[in-house]
Structure formats: structure tokens, C-alpha cells
Amino acid sequence: MLSQIGKSASKKAMRVDLEIYYEAMENLYDPEDNPEGTFPMNIAENHLCWDQLRERIQKVTRDNDIPEWVASYTDPAGAPSFREATAGFLGKFLFHCPVDPETIAFSGGATSVIEMTSFLIAEPGETAVIPAPSYPVYTGDIGTLPGVKRYDLQLPGDFSKSEYDFDLELLDKAKIEIEKAGSTFKMLILTSPDNPTGRIYRESDLRKIAEWCMENQIHLIVNEIYGLSQLDITHPDLKSEYEQPTQFVSFGKIMEEFKSPFLHFWYSFSKDFGVSGFRIGLLHSHNMDLIQAYRNAGLGHSISNYTQWVMQEVLKDHTFLSTYFKDFQKLLTEAYLAFTRGLKKLEIQYNPSRGSLFVWMDLSEFLEEKSEAGEEKLWLEIYQQTGILLTPSHGFGHSQKGWYRAVITSIHPSEMKVALGRLGKFVQKRRIT
């Protein structure tokens, strides 16, 4: 017999689209060998610059002897040399200010970081507030083991902006509602750039949200897993989408000023670096009790020392990283333009993005009914008739029906052209009928 958690986990899939994803991966499109194959565009993987990064990693392993410490136990929060290299990377490329390596703790991927932080900060039954729409798997990451509840904060307005307008009254109302339900508003989780919309939070909003959280003794965590997956909004074909855009400012810079025990930062190497299989996630916090708790409880979540060594050598090469991220931004912008040009031709609305690996698009005109069942039916029809596997709407937590996420970094540009052609035929057929 299993525990109650075990029984629940055995019956509840991590994601509702995984089974179909594995099916699609066995039938991938190939122009010669499988021209009727599938295009999985539902899992947030970044393949755009993998060849470039792989070459640099191979140079590390070819030109260097493996150090002695790699074969032994090290600090569960991360090897000191790895934390130092990561602090240097974050300081130069994301925070633009010095970072103390002692404020960083690692574990095996973003999921582990979210789970670890949740059960170290919150008691089972307490609540994390997350603006909607947002990453569906947050629900399991904070809930399955930590037992933290998810509250989807409905932000007013449509998806016509690339930046969030945030009203603190929404947080006041959420706090009252959560407390009336017998729970505690313990954590606020923001993602910037956001998943799935690609929106960012303005620096002014981040500051006022941080001040509200500190005043109410609520833990604010900003997830910048897509922090360097930013579009070149100065591109001639993109500028018109953004009215007076503000500069992206990392929450890490704001944390350095406040140094509050209630402000925290999540990051993972999965998206910006495209190495989701390396399983590297981190927590940055000036709450040293939390960092120590992370260290004491984190042995089972540790990252392989070999992985830490390889990545620290990459992170120390700032010349390579400067070239890598310049190239990545160019390819990401091209992928975004290719996909959104296709949507414009089809007269399909989408949310203007500032970053991330996604396009968040409105297919609501094709819903037979505005419900979760209607959304799932349309999602399956698109896959069955086009081979394009989008991320289903279920779990994003937003009240508007008919919006779907497409991952634009997981297929080759030539494949995207074919996929958009198939989507166009689907759209034309549905509009005729």
C-alpha cells in the first residue's frame, strides 16, 4: 500500500499532455523520411544554440583534467567554486551588480528549487498567490510534497500589452479572501519574463510589490528562468508592437538594495542555456536561515559534481557567454517573428512578448464551447489534424478561454514554416465550416 501522497501521485499525471507528447516524439516530422510527422511545441525546451554550447562544453572536457573534488561529497548547497562562478555570471549578465556566492543554493532543476523553497517557507495548507495565466506545473511543484495551495490571481485587462499593470489592491483582496477561507497568504510568485505570456514586470511595480510583501511579511519570489531569453525589441519588424517599453530590470538588483529576508529569486539553466537535461536550479536569497535550511535539507536534491564542474568552467568564460547570448537573442527574435508573422497572416491574435520561449495566442473563435472541455477538444483536434502539439490551456489558471501556448524554440525554422502551413489549412477549414 502507498501513502496518501503516493496514491495521489500514482493517479495524477505531472502534466496532462505528457502521454501525447511521448507519442508525438515517436513520430517526428522529417521532410524526407516522415513528411506527415508531428511538431511537438508544448514542452519548454530551447534548442536554438545547443550546437554552440555543446562545442564549448566539449572543449572543457577535452582540455581539462577532472579536479579531485568532483569524485567526493561537497556542500549540498553547491560546490564553493560553482557558486562563485554562478555569482559572477548572475552579476555580469542578469543582475548588473555584485552577488555574494553565500546567498546562492543549488538543487536538481527548477522543479526541485520550487519544491524545496515551498516546504522550507510555508506550512502545508498555506497559500501561494500566482498571477494568472501562469505555469501549470507550479501546482504540483508547490503542492504534491510541500502541500501548499495555489491561488490564481486574475489580473484585469486583455493580452494586448507586453508589460504587466499591477494594482496592489488585488493583493489586499486576495489576502482577505485567503484568510476568510482559513488559510494564510504565505508566498507571492512572479515570473518575469512570464510563462506563457512573455510579459515582464516593470521595475517600479517590482519595487512596490516588494514593499507590500515586506510590510505584510509575505515571501515574494521572482522566477527569472527566462531572464536572458529576451527579444530584440529594437528589431525593425518588432518596434511597432511596443509602446514606450521599459527596460527589463532583474529582481536580483532590487534584492541587493533591500537585502530583506522576505525577498527571493529563482533561476535555472534549463531555458536560457537550453540544458534542461543538466538539472541545475538555484535559489538566491539574503535570508541566510533559509539558505542554511536549504543546505541542511538538500542532500537528496544535490546536483552531480561533474555537472557543476563542467558548467562552472563555461560560466567563467564571459567572452564566450557574451557571444552566446547575443547569438541566442538573434535566433530567438527570428523564431518569434517567423511564428507571429504566420499568425498575422491568419488574423490570429497573440500577446506581444518581451521574452521567454513562447507565443501565447488566441484560438477562442474555434471553440465549440467556452469551457475546459471545449479547450481540450480543440487542442486535440489541432494535434490530430495538423500534427502540431500545443500546450493545452488546462492549468494556466486564467479565466479567459481559448488561449494556447506554442513553444517556438523546440523546432527548426524550416519545420516551423511547414507547421504554420498546416495550421493555416486548419484555420481556413474551420472558418469555412
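Between which strand and which helix is the loop that holds P133 found? The first close-up gives the answer, and the others visit further sites in this predicted model.

**View 1. Two cis peptide bonds ahead of prolines, at P133 and P193.**
P133 is found in the loop that runs between strand 3 (127-132) and helix 6 (138-143). The peptide bond leading from A132 into P133 is cis, and its omega is near 0 degrees. Further along the chain, the bond from S192 to P193 is cis as well, with omega near -10 degrees. P193 has its place in the loop between strand 5 (185-191) and helix 8.

**View 2. D141, a buried acid with no salt bridge.**
Stay with helix 6 for a moment, since D141 lies in it. What is the nearest side chain of opposite charge to D141, and how many Å away is it? It is R279, at 8.3 Å, and D141 has no salt bridge although it is buried. To see what surrounds D141, look for T111, I114, E115, Y135 and P146, which are its contacts once neighbours within four places in sequence are left aside.

**View 3. A44 and its contacts from elsewhere in the sequence.**
A44 sits in the loop between strand 1 (39-40) and helix 3 (50-63). Is A44 buried or exposed? Its relative accessibility is 9%, so A44 counts as buried. Not counting residues up to four places away in sequence, A44 touches Y226, K271, L357, F358, R405 and V407. For a sense of scale, N296 is 252 residues from A44 in sequence, and the two C-alpha atoms are 31 Å apart in space.

**View 4. A salt bridge between D75 and R295.**
A search of the whole structure finds 26 salt bridges, and this view shows the one where the side chains of D75 and R295 meet at 2.8 Å, N to O. The pair links distant parts of the chain, 220 residues apart: D75 is in the loop between helix 3 and helix 4 (80-95), while R295 belongs to helix 10 (residues 288-297). Both D75 and R295 are buried.

**View 5. R354 and E163, a salt bridge within a network.**
Here the side chains of R354 and E163 meet at 2.9 Å, N to O. This pair also links distant parts of the chain, with R354 in the loop between helix 12 and strand 9, E163 in the loop between strand 4 and helix 7, and their positions 191 residues apart. R354 counts as buried because its relative accessibility is 7%. E163 likewise has 7% relative accessibility and therefore counts as buried. Which residues join R354 and E163 in a network of salt bridges? They are K161, D165, R202, D205 and K208.

**View 6. E241 and K344, joined by a salt bridge.**
The side chains of E241 and K344 meet at 3.4 Å, N to O. E241 is in the loop between strand 6 (219-223) and helix 9 (251-258), K344 is in helix 12, and the two are 103 residues apart, so that distant parts of the chain are linked. What about their exposure? E241, at 16% relative accessibility, counts as buried, whereas K344, at 46%, counts as partly exposed.

**View 7. Positive phi values at E347 and S356.**
Take a look at the loop between helix 12 (318-345) and strand 9 (358-362), where E347 is found. E347 is not a glycine, yet it has a positive phi of about 55 degrees. S356 lies in the loop between helix 12 and strand 9 too, and its phi is near 90 degrees, again a positive value in a residue other than glycine. Is each of these residues buried or exposed? E347 counts as exposed, at 62% relative accessibility, but S356 is buried, with a relative accessible area of 2%.

**View 8. A negative surface patch.**
D167, E169, D172, E211 and E215 form this patch. Which helices each supply at least two residues of it? They are helix 7 (168-180) and helix 8 (203-216). D167 lies in the loop between strand 4 (149-154) and helix 7. With a relative accessibility of 39%, D167 counts as partly exposed.

Terms used: Residues numbered from 1 in each chain as written. Predicted model: local features only at pLDDT ≥ 70, side-chain atom pairs only at ≥ 80, totals over all residues. Heavy atoms only, no water. Patch = residues over 30% accessible without salt bridge, like charges linked within 9 Å, V, L, I, M, F, W, Y side chains within 5 Å. Areas by Shrake-Rupley, 256 points an atom, 1.4 Å probe, with all protein chains shown as cover. Salt bridge = Lys/Arg side-chain N within 4 Å of Asp/Glu carboxyl O. Lys, Arg positive; Asp, Glu negative; His and termini not counted. Charge placed at Lys NZ, Arg CZ, Asp CG, Glu CD. Helix = DSSP H or I, 4+ residues; strand = E, 2+ residues; numbered from the N terminus. Buried < 20%, exposed > 50% of the residue type's maximum accessible area, 1.4 Å probe, protein only. Contact = heavy atoms within 4.5 Å.
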